[in-house]
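Trainee: Can we go through the salt bridges in this one? I'd like the rules before the pairs.
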Amino acid sequence: MNTEKIAARRLSLEEVTKLGVKDRIFVSADTAELKLPDCYVPAFLTKSGEAFEGGSVTARTVFQEEVSCLPDDENEAGIYLADENGSVTIEVLQSAGVVLDLALFVPGGDKGSLTALYAAARQAFGADVVQIWRQGLKEVPDVKVDIFEEQIPRGRKGGDNPKRDRRAIDTYPTRADFIEFSAGWKPVVEIHKPVVDDTPTI
């Protein structure tokens, strides 16, 4: 996992209300997908701080996750701003790159046309790549995960532990977006833990 330590200071609610949507802040990486309580990620407010009307402040991380937090709540991670004279040092999760998400129209779609498309893409999107209908970029956090398929429990609660099958290992969380899960099963994403063989050897 690639992280960078930076000097920062925690913002009060009053300071947050003075921020705009283009001001780069740092929020906790302890989200539904990542579960990294000791790390922070770059983010931006979803609306100007002056529009704050009470309740929680919402920010969108560079990994396109929305995070809600209460800046003045001592029990929460809070919102930080990079500051060389800051009183604390935070660990910031770096990006591993971006996933290019394209929807392309390929006339015919046979093997020959697809081969031509891939060749063109390898040459920096050269000739024969046509009709780009939708395009989006999504940054991928530099953290590896295990993706499991877990059976959705039925009947009474407190029964047997749900069954689990491994779908992918040692991969990035965005991979889950492209896996089709079976009916009656749900995805489970956990931080990757290398398998350690405890078998005694002679």
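Mentor: Start with the rule: a salt bridge is a side-chain nitrogen of Lys or Arg within 4 Å of a carboxyl oxygen of Asp or Glu. This is a predicted model, where local features need pLDDT of at least 70, side-chain atom pairs count only at pLDDT 80 or more, and totals for chains, interfaces and linings use all residues. Residues are numbered from 1 along each chain as its sequence is written, and side-chain values use heavy atoms, with hydrogens and water left out.
Trainee: How many salt bridges does that rule give?
Mentor: Five.
Trainee: What does E91 pair with?
Mentor: K5, with the closest N and O atoms 3.6 Å apart. E91 sits in strand β7 (residues 88-93) and K5 in strand β1 (residues 3-10), 86 residues apart. Strands here are DSSP runs (E, at least two residues), numbered from the N terminus.
Trainee: Is K5 buried or exposed?
Mentor: Exposed, at 60% relative accessibility. E91 is partly exposed at 27%. Buried means under 20% relative accessible area, exposed over 50%, partly exposed in between (1.4 Å probe, protein chains only).
Trainee: Now R9. Which residues share a salt-bridge network with R9?
Mentor: E15 and D83. The closest N and O atoms of D83 and R9 are 3.0 Å apart. D83 lies in the loop between β6 (80-82) and β7, 74 residues from R9 in strand β1.
Trainee: And what about K186?
Mentor: K186 meets E150 in a salt bridge, 4.0 Å from N to O. That joins strand β12 (residues 185-191) to strand β10 (residues 145-151). K186 counts as partly exposed because its relative accessibility is 36%. E150 is buried, at 12%.

Definitions and conventions. Helices (H or I, at least four residues) and strands (E, at least two) are DSSP runs, numbered from the N terminus.
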